[in-house]
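Trainee: Could you take me through a close look at how two helices pack against each other in this protein, and then at what lies around them?

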Amino acid sequence: MADEKIDIAIVGGGVSGVYSAWRLKQANPRQKIVVFEGSDHIGGRLLSVTPPGIPNMVAELGGMRILPKVQPLISTLIDALNHLLPDSEQIKLYPFPVDEPQNIAYLRGTYLRLSEFTTNPDKVPYRLGFPNHGQTAGSVMINAIEQIVPGITNPDLTEDQRREMAQQATFSGKPLYQQGFWNVLMRVINGESYQYSLDAGGYDSTMSNWNAADAIPWYLSDFGVQPVYKGFTKGFQEVPRVLAKLFIEAGGEVRLNSSVSALESLDGAVQFQADGKSVRASSVILAMPRRSLDLLADSSPILQEINGLISSVTPRPLFKLFTTYANPWWRAAGYSKPDGSVVPVEAGRSVTDIPVRQTYYWPKSDGTPVKTGPAMLLASYDDGDNTGFWDGLRPQRHQHKARGQSVAKVSEPFVAENRKPNPELEWDQHQAPYRMVTEVARQLATMHGLSYTPKVQDACFRDWGDDPFGGGWNSWNIGVKSWEVKQKIIQPIGRQPLYICGEAYSDAQGWVEGALQTADMMLEKFGLDKLKNP
């Protein structure tokens with residue numbers, strides 16, 4: 001007999017989990033709905049922390065931006081939440097620039113401005129040939145995609161139309177979903193053009209060998225011509241925090257540091273272990289990424305029955321390292337115009353093919369660039385196999401929090417000058433190792449062509465390859481019909497009241513939009529319609 005009975009148990013306190021909890025509690029105010037979260041915070045892969053001594057900035061160790069034009073679900077959610085919040089608590093956005101023309105591309109030992117990809121193409125150190133000579137990395141990719149699926153880059157198409165085209169497409173006589181993205185790209189561009197797009201694009205895993213029928217519409221949505229991003233003044237984590245707050249105020253319950261195990265089907269309900277007791281729920285929602293489901297399946301035979309569905313995606317590594325400084329030294333890396341005026345480097349990102357890969361000149365909380373005084377960089381934004389460079393400079397993955405003092409034997413932490421670390425400070429809970437910080441500082445100096453190494457004041461990092469996440473995002477495997485799997489996995493075992501949602505099994509993998517998409521699909525099983533604008 002169970003120690004506790006509840007109506008709906010939601011496992012996972014990320015966006016899809018607390019969003020589902022809030023919506024279900026609104027629809028069913030008398031039901032006992034509980035969110036079980038294994039960590040000590042709400043947000044999942046959204047993690048916003050304030051750097052010590054810089055209260056007007058927020059470091060985004062996880063998700064950091066949205067694309068309102070192609071992401072209607074998160075835009076609608078923000079509007080709905082703001083309709084319920086007083087002005088002082090509202091979720092506010094700012095323009096989030098990326099590729100500013102004066103910023104740096106340090107590739108194959110050559111220093112370029114991003115504008116020089118098109119204005120001075122002979123300086124670009126890749127043998128691109130016709131027709132890619134003089135094109136940006138994004139344009140090379142878009143032209144290649146158009147050759148693979150003719151007509152798919154038409155700007156008049158909707159996101160759904162592009163996705164349907166890719167799902168139905170064939171390439172070289174074989175269905176596109178049965179082919180890898182890297183494989184088909186190499187049939188239409190040469191190796192130099194591929195490497196240029198990879199290096200200058202800043203990401204490794206987006207162009208790796210995942211399901212081409214999903215990768216192509218995904219790429220066009222996320223990195224199409226002139227994408228417009230928005231950042232969050234209080235940090236992206238504010239969204240799930242507000243959702244959890246509203247859920248609790250409506251009578252829901254959130255249990256932090258509460259790990260769930262041993263799921264089993266029992267008499268039309270689902271029973272599991274949590275906090276040392278047996279819990280029986282009329283319905284269970286697993287709002288979790290693939291790696292978390294894998295870990296839960298070890299003690300839950302009911303999940304082992306659907307291993308084929310769970311393993312239809314692959315977790316992709318993602319790594320972020322933030323560093324702070326006494327001043328924004330990178331502004332001096334700008335260039336002088338013919339009239340003598342100086343255009344500083346102050347916003348967006350620079351890219352390189354050395355391991356730091358992408359560096360973002362982080363804005364103040366209102367989105368404006370820092371011109372004087374304390375400043376911060378997203379010093380390294382890495383994904384894919386490139387994250388492996390940092391493995392020798394950090395505690396062992398999956399164990400860096402669990403081994404106590406043994407962590408220091410792998411790499412001593414970076415100690416901020418004139419400040420004693422505070423274990424209660426979120427920033428210090430993600431303290432970066434000393435060797436990692438000194439190495440990233442060295443690479444930043446190289447990337448910016450400096451004769452000195454800027455002095456780091458403070459540093460923190462997050463490797464999302466650590467358990468229980470296993471990666472920063474998930475991608476569909478080659479040969480998988482994602483449009484079928486995403487429907488099946490919502491309620492994977494007949495009529496049993498077990499549901500799965502989250503970014504992993506969506507059309508917008510790697511984005512909160514994907515988490516909301518699958519949550520809405522799951523909530524339809526409970527009779528709820530999509531959230532509407534207030």
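Mentor: Happy to; here is the helix pair, followed by the cores and a few individual residues.

Please keep in mind that this is a predicted model. Two packed helices are described by the angle between their axes and the distance between the axes. For helix 4 (residues 137-148) and helix 8 (residues 212-223), the axes come within 11 Å and cross at roughly 140 degrees. The crossing of this pair is left-handed. On the helix 4 side the contact is made by G138, M141, I142, I145 and I148, and helix 8 answers with I216, Y219 and L220. An α-helix has 3.6 residues a turn, so residues three or four places apart point the same way. By type, the contact residues comprise seven nonpolar, one polar and no charged.

Now step back to the core. In soluble globular proteins, nonpolar side chains tend to be buried together. Here the largest nonpolar core has 85 residues, and I148, L176, F181, I216, F322, Y360 and W362 are those with the most contacts inside it. Helix 8 gives the most to this core, with eight residues. Two of these well-connected residues, I148 and I216, also take part in the contact between helix 4 and helix 8. For a feel of the surroundings of Y360, leave out residues up to four places away in sequence: among its partners are M64, F96, P97, V98, Y203, L377, L378 and Y381, as well as R65 and R349. There is also a second, separate core of 40 residues, which includes I33, V242, I285 and M522.

Burial shows up elsewhere too. Helix 10 (residues 290-297) is largely enclosed by the rest of the structure, because six of its eight residues are buried. Those buried residues are R290, S292, L293, D294, L296 and A297.

Two buried residues with polar side chains are worth your time. Q102 sits in the loop between strand 5 (93-95) and strand 6 (104-107), and counts as buried because its relative accessibility is 10%, under the 20% cut-off. Beyond its neighbours within four places in sequence, Q102 is in contact with R113, Y335, V343, P344 and V345. A polar atom of the Q102 side chain lies 3.3 Å from the backbone oxygen of P344. T518, in helix 16 (residues 512-524), is buried at 2% relative accessibility. A polar atom of its side chain lies 2.8 Å from the backbone nitrogen of G502. With neighbours within four places set aside, T518 is in contact with I490, C501, G502, E503, Y505 and S506.

Last, the backbone. Most residues other than glycine have a negative phi, and most peptide bonds are trans. The bond from F130 to P131 is cis, with omega near 5 degrees, and P131 is in the loop between helix 3 (116-119) and helix 4. Another cis bond runs from D467 to P468, with omega near 10 degrees; P468 is in the loop between strand 22 (458-463) and strand 23 (473-476). Positive phi values occur at A262, near 55 degrees, and at R357, near 60 degrees. A262 lies in strand 12 (residues 260-266) and is partly exposed, with a relative accessible area of 25%. R357 lies in the loop between strand 19 (349-352) and strand 20 (358-361), and is buried at 3% relative accessibility.

Technical notes: Residues numbered from 1 in each chain as written. Predicted model: local features only at pLDDT ≥ 70, side-chain atom pairs only at ≥ 80, totals over all residues. Heavy atoms only, no water. Axes fitted to C-alpha atoms, helices over the stretch in contact; angles between N-to-C directions. Helix = DSSP H or I, 4+ residues; strand = E, 2+ residues; numbered from the N terminus. Left-handed = near helix turned anticlockwise from the far one by under 90°. Contact = heavy atoms within 4.5 Å. Nonpolar A, V, L, I, M, F, W, Y, C, P; charged D, E, K, R; others polar. Buried < 20%, exposed > 50% of the residue type's maximum accessible area, 1.4 Å probe, protein only. Polar contact = N/O pair within 3.5 Å; in protein donor to acceptor, adjacent residues only side chain to side chain. Core = buried A, V, L, I, M, F, W, Y, C linked by side-chain atoms within 4.5 Å.
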